[in-house]
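Please look over the sequence and the model below before reading on. The text then goes through confidence, charged side chains and aromatic rings.

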Amino acid sequence: MSRKSAEAPSLRGRAAAFFRDPAFFRTLFVLALPIVLQNLLVSSLNMIDTLMIGRVGEAEVAAVGAANQFFFLLQMAMNGIASGCSVFISQFWGGGNREGIRRVLGIGLVSMAAVGAVFTVLGLLLPLPIIRMFAHEEAVQGFGRDYLTIVCFSYLPTAVSFLLANAQRSIGNALSPMLISLGAVATNTFFNYLLIFGKGGFPVLGVKGAAIATLIARLAECALLLLFSLRRRCPLRGRWRDYFRFDAAFFRKTYATILPIVLNEGCWGLGSVLYTVAYGLIGTYALAATNITSTVQNLFMVLCLGTASASLVMIGNRIGMGEPETARRYAHKFAVIAAALGLVLGAALFVCAPLIPSLFEISPEAVRAATAILRIFGVVFIARMVNTLTIIGVFRGGGDANYALKLEAGTMWLLGVPLAFLGAGALRWPVEWVVLLVSIEEVVKCLFVLGRLKSGKWLHPMQAASGEEAPSPEAAAAGTAEE
């Protein structure tokens, strides 16, 4: 028998074993589908905002994109806190530890309120200096200031919503946050139409109308999530003092995991903002093109982000139940799924690249640049999918936040950001060539991600990390069986 014929059955056997795991795929489907739909709704909301503002003018698109870079920094902080709390909540839920869940939720609420309040005050007091960091034309700065001074009031309710939605997913309930997001998207789109273009008797408000619509939608979303999370049968509900019955030792041990994730998100977010600063050195067309392409790329990423969120919960639950080998097996399945999704979606993005920019009222130069950038995104999409799903889902679900921080901060700040300013500032390249140069970071990061995944060093149970005692098998079974 030839070597090829001997290897063929083995490959077929591996493929069959991959799909012969109904519990894995059933749980993945139940968790990931609502999260994917919710992420799709949020990304579609951003796309609708960009499309609607894009019908007004190129300066308005660039202004909203510049103002949203400030929100992007807030979003990175919120993602870090919410993801850090989710690591504990998912493992505690797998172990049946409701008291630990409520303590972590209390720490998250305090942290989110502080971060949201700081960004709101900065947006109110320093709108023009903030916009000037990302845009250099006076017209863009004026529109951006008008947008930011209104939309910053949505930051605090958005922070609370982030935490509650992630907590619901961590206990296996991804459907309710998705339905609430659907209502928020519908509300935002409705008021965008009325206020941006002056329909239904309202004045034409342009970018101010978009900001007011966002504020209304975020307030409604926060109110619904609070009502749902505090209902009688919700596992997150407790007495007010239950959320704040943590001492300094518990806080320190919990933040030993949360802080690296916050720093990870912050470093990545700040680096992404600096990319925008670098692109702004090239001109308004570059800002418009990168704002549009980032929105489109995020739309294509929703499947990966939904799967990553499901991965964090599934792996965290298994570790909390004392099943590290099952968690390791799940992690390798998720890596294969990420590579397959990256290949398919990257090809679709590459093929659709010439069609998407034509939907926007932008200059021919911006259309050309956006088309080229989307094709570059399509080529490196497989690496980005593997990196995103493994870091956000597997490594964080396994409690390996410190390595994720070192990897993301190192590759971005030693490679990505210097290359962006080299291409835009020193070499004066067109924006699409700068984006191609920056893409080297994603490929290098992928090599380190795969090595860490194979080593298995990402497995870290959080029961011991937080000082909580591991529950009995009976308590663990009860925790996963309850609503």
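What follows begins with how far the model can be trusted and then turns to individual side chains.

This is a predicted model, and the protein chain has an average pLDDT of 83. A score of at least 70 is reached by 90% of the residues. Among the elements of the protein chain, helix α18 (residues 440-455) has the highest confidence, at a mean of 93, and helix α20 (residues 473-481) has the lowest, at 38. Two stretches should be read with this in mind. Residues 1-8 have a pLDDT below 50, and this stretch makes 1 contact in the model beyond near neighbours in sequence. Residues 469-483 also have a pLDDT below 50, but here the model shows 21 contacts beyond near neighbours in sequence.

Next come the charged side chains. There are 12 salt bridges in the structure. One of them joins R103 to E99, with 2.6 Å between the closest N and O atoms. Both residues belong to helix α4 (residues 98-125), where R103 and E99 are 4 residues apart, or about one turn of the helix. Are the two partners buried or exposed? R103 has a relative accessibility of 17%, and because the limit for a buried residue is under 20%, R103 counts as buried. E99 has a relative accessible area of 41%, so E99 is partly exposed.

R103 has a second partner to look at. This residue also lies over the face of F250, at 5.6 Å from the ring centre. R103 can therefore be followed in the model both to the carboxyl group of E99, through the salt bridge, and to the ring of F250.

A further salt bridge links the side chains of D242 and R245, at 3.6 Å from N to O. Here the acidic partner, D242, is buried, with 10% relative accessibility. R245 is partly exposed, and its relative accessible area is 44%.

Helix α13 (residues 324-352) contains the pair R328 and E325, set 3 residues apart, about one turn of the helix. These two form a salt bridge in which the closest N and O atoms are 3.7 Å apart. R328 is partly exposed at 26% relative accessibility. E325 has a relative accessible area of 54%, which means that E325 is exposed, since the limit for exposed is over 50%. Elsewhere, E408, E441, E442 and K445 are joined into one network by salt bridges that share partners.

The aromatic rings come last. How many aromatic pairs does the model hold? The count comes to 10. In one of these pairs, the ring centres of F190 and F191 are 5.2 Å apart. The planes of F190 and F191 stand at 80°, so this pair is edge-to-face, because plane angles over 60 degrees are classed that way. Both side chains are partly exposed: F190 has a relative accessible area of 48%, and F191 has one of 22%.

Aromatic residues also gather in a group, as F24, F25, Y330 and F334 form one aromatic cluster. Finally, a charge is placed over a ring at Y403, where the charged end of R452 sits 4.2 Å from the ring centre.

Key:
Residues are numbered from 1 along each chain as its sequence is written. Side-chain values use heavy atoms; hydrogens and water are left out. pLDDT is the predictor's confidence in each residue, from 0 to 100. Helices (H or I, at least four residues) and strands (E, at least two) are DSSP runs, numbered from the N terminus. Contact means heavy atoms within 4.5 Å. Rings of Phe, Tyr and Trp (its six-membered ring) pair if their centres lie within 6.5 Å; planes under 30 degrees apart count as stacked, over 60 as edge-to-face and the rest as tilted. Buried means under 20% relative accessible area, exposed over 50%, partly exposed in between (1.4 Å probe, protein chains only). A charge sits over a ring if NZ of Lys or CZ of Arg is within 6 Å of the ring centre and within 35 degrees of the ring normal. A salt bridge is a side-chain nitrogen of Lys or Arg within 4 Å of a carboxyl oxygen of Asp or Glu.
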